[in-house]
Amino acid sequence: MEHKRALLGKTLAGLEQVAAELSMPGFAARQLAGWLYRRRVADIGGMSNLSAAHRAMLAERYDVGVRPFSAAQESKDGAQKYLFAVGGEKRAYVESVLIPEAGRATLCLSSQAGCPMGCKFCMTARMGFRHNLTSGEIINQIFGVPRSGQLTNLVFMGMGEPMSNIDSLLESLEVITAPWGMGWSPARVTVSTVGVLPALRRFLDESRCHLAVSLHSPFADERRALMPVQKAFPAEDVVALIRRYRWTGQRRVSFEYILFDGLNDTPRHAAALARLLGGFECRVNLIRFHRIPGSELRGSPPQAMERFKEMLLQRGLLTTIRASRGEDILAACGMLSAGAELPGGAS
Ligand code: SF4
């Protein structure tokens with residue numbers, strides 16, 4: 001049972017509250033942030049520029065809050081999947097995927113245990129919703145993987161819909177990008193969403209990180225069959241909102257498009273996609289579908305993916321086929337399902 005509250009994940013404002021609660025001087029909040037996010041101290045006792053009395057008071061109520069991963073798996077292609085316990089006493093699990101490449105290392109983060117969005121092509125959806133991660137639980141995935149200091153990119157494309165957990169998302173992004181925090185450039189962080197509009201507007205206004213939008217069909221009825229979110233937040237409205245913002249080299253938007261055989265990979269789809277996304281700076285990432293048990297959906301063959309890419313390029317859309325990693329350990333796009341890792345499966 002955990003009695004102490006974690007410091008990890010707190011913003012500067014949150015650390016100022018901690019300092020005030022313990023009658024520490026105002027500047028102690030920045031000292032705490034330095035120890036947590038720059039020097040990555042393992043325990044409060046190591047915060048040597050705080051007085052012994054303050055360290056003792058702090059340690060009575062708080063701990064640093066870095067928790068080790070519970071299990072790890074490595075794919076034959078080098079991708080690594082880590083399982084983290086979250087949710088305190090009402091224990092749930094999330095997965096994070098580390099993707100090493102030449103000259104870079106990307107960590108795919110989870111924002112929720114399970115997911116309420118019900119996308120038909122996604123294993124996480126089958127878990128249902130379990131828990132909204134705190135900012136600390138999001139940051140802990142970064143601190144908890146081996147060689148964390150060598151990470152170059154972060155993508156919120158793991159379990160959950162980040163915009164459905166917008167407060168924790170924005171807090172964690174502040175910690176990651178603030179000069180008093182981890183000091184990362186927002187250009188190294190991408191947040192993926194199915195398009196939950198009110199929260200998306202907050203993300204666009206309050207963060208400078210890149211955006212990725214899961215689209216998967218330009219047609220409302222077809223998209224609704226794949227993604228129930230289309231009913232509440234139609235893709236046309238999502239794209240209309242995104243068009244109001246400035247997309248330059250500094251901040252990018254991409255549209256993610258899983259290709260399903262015969263379902264959304266025809267010339268008619270390419271033409272409609274070009275109409276929906278034409279006239280502003282964006283890119284389309286085509287993604288191979290990884291088959292999931294009990295689903296009749298089938299991925300487009302590689303030649304059909306190439307053909308679809310060419311159709312979009314000819315219509316002026318910057319398009320790439322995203323490399324797929326970690327399929328053999330169920331770590332690829334749409335395959336995360338932490339319950340499968342646990343004895344007896346998901347509860
Ligand atoms: S694809 Fe993303 S938003 Fe949709 S159910 Fe899976 S985790 Fe949730």
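Two strands count as paired if DSSP finds at least two bridges between them. I start from that rule, and I note that this is a predicted model.

**Entry 1: the hairpins around β4**

I looked up β4 and β5 first. They form a hairpin with five residues between them. In the turn, Gly-87 has a positive phi of about 90°. I counted seven bridges between β4 and β5 (residues 92-101), and the two run antiparallel. One pair I noted: Phe-84 has Val-94 as its bridge partner in β5.

Next I went to the other neighbour, β3 (residues 71-74). Four bridges join β3 to β4, again antiparallel. Ala-71 is bridged to Leu-83 of β4. Glu-74 has its partner in Gln-80 of β4. The hairpin of β3 and β4 has five residues between the strands, and there Gly-78 takes a positive phi near 95°.

How many residues of strand β4 are buried? I find five of the seven in residues 80-86, so β4 is largely enclosed by the rest of the structure.

**Entry 2: helix α4**

I then checked α4 (residues 135-144). This helix is mostly covered, with nine of its ten residues buried. The buried set runs Ser-135, Gly-136, Glu-137, Ile-138, Ile-139, Asn-140, Gln-141, Ile-142 and Phe-143. What do they pack against? I list β1 (5-6), β4, β5, β6 (104-108), β9 (153-156) and α5 (166-177).

**Entry 3: the nonpolar core**

I turned to the largest nonpolar core, which holds 95 residues. Leu-8, Leu-32, Leu-36, Val-94, Tyr-257 and Ala-331 touch the most other members. Helix α2 (residues 28-38) gives the largest share, seven residues. Both domains feed this core: at least three residues come from each of domain 1 (5-63) and domain 2 (71-341). Val-94, the bridge partner of Phe-84, is among the members with the most core contacts.

I followed Leu-8 further. Leaving aside neighbours within four places in sequence, Leu-8 is in contact with Leu-36, Val-64, Gly-65 and Val-66, among others. Its list also includes Gly-136, Ile-139, Asn-140 and Phe-143. Those four are among the buried residues of α4.

**Entry 4: the two domains**

The domain assignment splits the chain into domain 1 (5-63) and domain 2 (71-341). Their centres, taken over C-alpha atoms, are 33 Å apart. I looked up the contacts between them: nine residues of domain 1 meet 15 residues of domain 2. On the domain 1 side, α2 gives the largest share, three residues. By class, that side has five nonpolar, two polar and two charged residues. So α2 turns up twice in my notes, as the largest contributor to the core and to this side of the domain contact.

**Entry 5: around the ligand**

Last, I listed the shell around the ligand. Which residues make it up? I have Cys-115, Met-117, Gly-118, Cys-119, Cys-122, Thr-124 and Ala-125 from one stretch of the list. Met-159, Gly-160, Glu-161, Val-194 and Gly-334 complete it. By class, I get seven nonpolar, four polar and one charged residues.

Terms used:
Residues are numbered from 1 along each chain as its sequence is written. This is a predicted model: local features need pLDDT of at least 70, side-chain atom pairs count only at pLDDT 80 or more; totals for chains, interfaces and linings use all residues. A nonpolar core is a set of buried Ala, Val, Leu, Ile, Met, Phe, Trp, Tyr and Cys residues joined through C-beta atoms within 7 Å. A residue is buried if 20 or more other C-beta atoms lie within 10 Å of its own, exposed if 12 or fewer, and partly exposed in between; C-beta atoms are placed from the backbone. Domain bounds come from an automatic or database domain assignment. Two residues are in contact if their C-beta atoms, placed from the backbone, lie within 7 Å. A residue is near a molecule or strand if its C-beta atom, placed from the backbone, lies within 6 Å of it. Ala, Val, Leu, Ile, Met, Phe, Trp, Tyr, Cys and Pro count as nonpolar, Asp, Glu, Lys and Arg as charged, and the others, Gly among them, as polar.
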